[in-house]
Every structure is written in structure tokens, then in C-alpha cells.
Amino acid sequence: MCWLGCYALAVGVGVAQQATVFPIAATLLNVGWETYFAWSPAIRYRWQRAIYRGWLGLDLLLFAQACVYGQSPPTPLWVAGLCGGVGLGWLLQRQLYLRFQQPYLQAFAINLLMSGLFVQRALQGGLCSPAVGWLKLLGTAAISAANVLGYVRANRAPRLPTALMSAILVLDALYLMLA
């Protein structure tokens, strides 16, 4: 639920500031992730698909912000490039899932990359929101904890997911310190 709040707040801050709050590359990866898993047969329960679809709806609003505020003025080529980026993000998610069948590790990889992109944005002086950062940290911590449990249950190997979760949380804390 923290992620839903994070997305909603980022949409509101972005509209108020007429800027993107999420790094554009993170938005493209997220839309690819949510689009793939919102309809993936790998997701067994309807309630899980409903959550992915809720995230996707808000991600699409963040994508719209990237289209409108990511380049001034937005051009058709810019928007086409962003759409291509979403397509590549979806294809990447699909290929990773089909190749490795490890959605828990895939989630860690996406969250680790996103957290790094948020830190990079803060270091470059981009729009940062401490409130979005806190919700992101809490949302990522909850998702990571669930992924650690799921991965350990399926693979009986706690070291890798625990290390990935720790790296994500360190990057999220760093973003908060820089914001």
C-alpha cells in the first residue's frame, strides 16, 4: 500500500511542480514490469493482479508526466521514444521471467535499479521529494521482505535476497539523505 501512496503522491507533486518526480528510466521499467505481471500467468491470485493493475494505473500517470514534462516542449519523437522504452521494459521483463522463472529476484533487480536511479537523480540536482522517498523506502522494504520470504521458501537460500534487500534499503536511505 505504501507503493500506491508513493505513486499517487509523486503524481500530485509532479503536477504541482510541472516536472517528473520519478526518474524517467525508472518509470519506463516500472510500466514494463506492471504491464507484464498485471496479466502474467505467473501471478496466481486475482488480488495480486488487482494490485499490479492499480500500480500500473498510477504508473501510467507517471508515464504521462514523463511525456509532458520530460522534455520541453514535448515532441512526437520524444513520446515515441518513451513508448519504445516501455516496450523494451516489457520485453525485458518477459524475457527475464521466461528465461529464469525467478520473479522474486527479478523484483529485486528492478527495485535495486530504481533505487540507484533515484540516487543518481538526487546527485544530479533533479526534483526530489522526501515524502515520496519515505513512501518508496517503506514500500520497497515491505515488498523486499515479502520477496525474501518467498524466495527463501522456494529456494532455501537466504543470503542473496537478504543482500539485495539490504542494498536497496541503503540506496533508499541515501536518496532520503540527499533529498
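Trainee: Which helix gives the most to the lining of the largest pocket?
Mentor: This is a predicted model. In it, α1, α2, α3, α5 and α6 each supply at least two residues of that lining. One helix gives the most, with six residues. That helix is α6.

Trainee: How much space lies in the largest pocket?
Mentor: The pocket is lined by 28 residues. Ile-43, Gln-48, Tyr-52, Tyr-104 and Asn-147 are the closest to its centre. The space in this pocket is about 900 Å³.

Trainee: How many residues of the lining of the largest pocket are nonpolar?
Mentor: Set the others aside to begin with. Six residues of the lining are polar and three are charged. The nonpolar ones number 19.

Trainee: How far apart are the end C-alpha atoms of α6?
Mentor: Helix α6 covers residues 130-155, which makes 26 residues. At 1.5 Å a residue, α6 should span 38 Å. The computed separation agrees with that, at 36 Å.

Trainee: What covers the buried residues of α6?
Mentor: Start with the residues themselves. The buried ones in α6 include Val-132, Gly-133, Leu-137, Thr-140 and Tyr-151. Among the elements covering the buried residues of α6 are α1 (2-17), α5 (103-123) and α7 (159-178).

Trainee: Is Ser-144 buried or exposed?
Mentor: Ser-144 lies in helix α6. Leaving out residues up to four places away in sequence, Ser-144 touches Phe-108, Met-165 and Ile-168. Its relative accessible area is 1%, and buried means under 20%. So Ser-144 is buried.

Trainee: Which residue just after α6 takes a positive phi?
Mentor: Helix α6 ends at residue 155. Just after α6, the phi is about 55 degrees. The residue is Arg-156.

Trainee: Which side chains meet in a salt bridge?
Mentor: Side chains of opposite charge can pair when their charged atoms come close. The structure holds one salt bridge. Its N to O distance is 2.8 Å. The partners are Asp-172 and Lys-136.

Trainee: How many residues apart in sequence are the parts that Asp-172 and Lys-136 tie together?
Mentor: Both Asp-172 and Lys-136 are buried. Asp-172 and Lys-136 meet in a salt bridge. Asp-172 is in helix α7 and Lys-136 in helix α6, so the pair ties together parts separated in sequence by 36 residues.

Trainee: Is Leu-169 buried or partly exposed?
Mentor: Leu-169 is found in helix α7. Beyond residues up to four places away in sequence, Leu-169 touches Leu-137 and Ala-141. Its relative accessible area is 24%, while buried means under 20% and exposed over 50%. So Leu-169 is partly exposed.

Trainee: What distance separates the C-alpha atoms of Leu-169 and Cys-128?
Mentor: Along the chain, Leu-169 and Cys-128 are 41 residues apart. In space, their C-alpha atoms are separated by 17 Å.

Trainee: How many of the 15 residues of α2 are buried?
Mentor: The buried residues of α2 include Leu-28, Leu-29, Trp-33, Glu-34 and Phe-37. What covers the buried residues of α2 includes α1, α3, α4 and α5. Helix α2 is largely enclosed by the rest of the structure, because the buried count is twelve.

Trainee: How far does α2 reach from its first C-alpha to its last?
Mentor: Helix α2 has 15 residues. At 1.5 Å a residue, 21 Å is expected. The reach is close to that, at 21 Å.

Definitions and conventions:
Residues numbered from 1 in each chain as written. Predicted model: local features only at pLDDT ≥ 70, side-chain atom pairs only at ≥ 80, totals over all residues. Heavy atoms only, no water. Helix = DSSP H or I, 4+ residues; strand = E, 2+ residues; numbered from the N terminus. Expected span 1.5 Å × (residues − 1). Buried < 20%, exposed > 50% of the residue type's maximum accessible area, 1.4 Å probe, protein only. Contact = heavy atoms within 4.5 Å. Salt bridge = Lys/Arg side-chain N within 4 Å of Asp/Glu carboxyl O. 1 Å grid on protein atoms, 1.4 Å probe; cavity = no way out; pocket = protein on both sides within 12 Å on 5 of 7 lines; lining within 4 Å. Points joined across faces, edges and corners; volume = space filled by probe spheres on them. Nonpolar A, V, L, I, M, F, W, Y, C, P; charged D, E, K, R; others polar.
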